[in-house]
Amino acid sequence: MKPTQTLLFTPGPTPLHPAVANTLSQPIPHHRTPEFEAIFGSVRQQLKEMIGLAEVLTLVSSGTGAMEAALLQFVRPSTEPALLVLNNGKFGERFGKIARAHSLSVVEIKSAWDTPINPDQVLETLQRNPRIQAIALQVCDSSGGLRLDFEGISEVAKEHNPKIVTIIDAITALGVEPLQTSHIDVLIGGSQKAFMLPVGLSFLGLSDFALSQLEDRGYYFNLKLELKNQQKNTTAFTAGILHILGLQTYFECVRNLGGFDTLYTATKKRAESTHKALEALGLEIYPKAPALCMSVIYHEQASRIRKHLHQKYGVLVAGGQDALKDYLLRINHMGIIETHQSAWVLSALEQSLVDLKLRPSFEGVAIKAFMQHHYKEV
Ligand SMILES: *Cc1c(COP(=O)(O)O)cnc(C)c1O
């Protein structure tokens, strides 16, 4: 029998959480009512606590919308390089593309998708480009599963010039690990990753410094106008009503688990146990500094393995992008994921390697390593 349901294990979109799916099927309230405004206010408060910055704005857009909004707001047109972009993969590259689409002058540091750009490289580039107004980077560039030292990078940027706005795309980090925000001005999130919501809501955490820099700019992405409205628990345009209700349900689910610290610990453990299992299978972990949101494997036959995993075992993991399209497997860890699901993904992966004659026989190597690491006494 073929699998009847696909187990969605891609690092975005993640599966809808069942409780969130239930909320999304409820009757829709109107957004200009005291009832909705009370919910919006409570969700705003919880988002602020989760992000750890002075303010938060939610926008109705995919994550890229918030990336564009941040650049439009915090980078002024100039003849000299105004924005430093860390291009460590597809999403870093995207910051550069957005800036160029708006004729903003960009300088880029580019590195292979498996090798993180470091704070020294950033400092050196800032010293050579004294007119830089903002720096944009990812916590994890999802194209290669690479974790950047965003803490160290934002710290050197701020020490070099406190007026530089640090813009951090944390779309695959928010809800995955605790984020140190002391040198962050703008922190970006998106609903279809760790929040287990559909795509459609993006978040912008803003520091006091970022707030002090806000100007009336743009139309739909006018952050100053949004701030004025959202501080009154309403929105300039129609709110993402059901997404906001879904977000409230997500926060409830996290509370029921024991809070964000519990979720972060569980995610880390699952990610590390998966890592051990992949190593036990002799597979090559792609990034030199792996993030916790996903495990990424490099394999010459990745594309075949991926198709087989899906067709025979109903497990859908992501492939690579661009030049690595056929050579990467990306396995999700974001969200409230049951341990047994990860265990099944790894066992199905081992059996797929056997089916494709890439391993001699099924020995339960992956599940053994996973269980031993996951349930070891500490
Ligand atoms: C998913 C993702 C985005 C946003 O992509 P959208 O498709 O616009 O939601 C941005 N940055 C990273 C690192 C991502 O993983």
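This briefing walks through how some helices pack, where empty space is left, and two spots in the backbone. Keep in mind that the model is predicted. Two helices turn up under more than one topic: helix 2 packs with helix 9 and also helps line the largest pocket, while helix 10 packs with helix 12 and lines that pocket too.

**How the helices pack**

Two packed helices are described by the angle between their axes and the distance between the axes. Here are three pairs to look up in the structure.

*Helix 2 with helix 9*
- Start with helix 2, which covers residues 34-51, and helix 9, which covers 241-257.
- Their axes come within 10 Å and cross at roughly 50°.
- Angles under 35 degrees count as roughly parallel and 65 to 115 as roughly perpendicular, so helix 2 is oblique to helix 9.
- The crossing of this pair is left-handed.
- On the helix 2 side, the residues in contact are F36, I39, F40, S42, V43, Q46, L47 and M50.
- Across from them, helix 9 brings I241, I244, L245, L247, Q248, Y250, F251 and R255.
- Sorted by class, that contact has 12 nonpolar, 3 polar and 1 charged residues.

*Helix 10 with helix 12*
- Helix 10 runs over residues 260-280 and helix 12 over residues 339-355, and their axes lie 11 Å apart at an angle of about 15°.
- Since angles under 35 degrees count as roughly parallel, helix 10 is roughly parallel to helix 12.
- This crossing is right-handed.
- R270, T274, A277 and L278 are the helix 10 residues in the contact, and they meet T339, S342, L346 and L349 of helix 12.
- The mix here is 4 nonpolar, 3 polar and 1 charged residues.

*Helix 12 with helix 13*
- Helix 12 also packs with helix 13 (residues 365-374), with axes that come within 8 Å and cross at roughly 150°.
- Anything over 145 degrees counts as roughly antiparallel, so that is the label for helix 12 and helix 13.
- Helix 12 passes helix 13 in a right-handed crossing.
- From helix 12, the contact takes in T339, S342, A343, L346, S347 and E350.
- From helix 13, it takes in V365, A366, I367, F370 and H374.
- By class, that gives 6 nonpolar, 4 polar and 1 charged residues.
- Look for T339, S342 and L346 in both of helix 12's contacts: they meet helix 10 and they meet helix 13.

**Where the empty space is**

Rolling a probe the size of a water molecule over the atoms shows where empty space is left.

*The largest pocket*
- The largest pocket holds about 240 Å³ of space.
- Its lining is made of 15 residues, with Q46, E49, M50, F260 and Y264 lying nearest the centre.
- Helix 2, helix 9 and helix 10 each supply at least two of the lining residues.
- Helix 2 gives the most, with 4 residues.
- Sorted by class, the lining has 9 nonpolar, 2 polar and 4 charged residues.
- Q46 and M50 do double duty: they lie among the residues nearest the pocket's centre, and they sit in the contact of helix 2 with helix 9.

*The largest cavity*
- A search of the whole structure turns up 1 cavity of 30 Å³ or more.
- The largest cavity has a volume of about 100 Å³.
- There are 13 residues around it, and T58, L59, V60, E226 and T238 lie nearest its centre.
- Strand 2 (55-60) and helix 8 (223-230) each supply at least two residues of this lining.
- Strand 2 gives the most, with 3 residues.
- The lining splits into 7 nonpolar, 5 polar and 1 charged.

**Two backbone spots to find**

- The peptide bond from G12 to P13 is cis, with omega near -10°.
- You'll find P13 in the loop between strand 1 (7-8) and helix 1 (18-24).
- M196 isn't glycine, yet its phi has a positive value, near 55°.
- M196 is in the loop between strand 9 (186-190) and strand 10 (201-206).

Key:
Residues numbered from 1 in each chain as written. Predicted model: local features only at pLDDT ≥ 70, side-chain atom pairs only at ≥ 80, totals over all residues. Heavy atoms only, no water. Axes fitted to C-alpha atoms, helices over the stretch in contact; angles between N-to-C directions. Left-handed = near helix turned anticlockwise from the far one by under 90°. Contact = heavy atoms within 4.5 Å. Nonpolar A, V, L, I, M, F, W, Y, C, P; charged D, E, K, R; others polar. 1 Å grid on protein atoms, 1.4 Å probe; cavity = no way out; pocket = protein on both sides within 12 Å on 5 of 7 lines; lining within 4 Å. Points joined across faces, edges and corners; volume = space filled by probe spheres on them.
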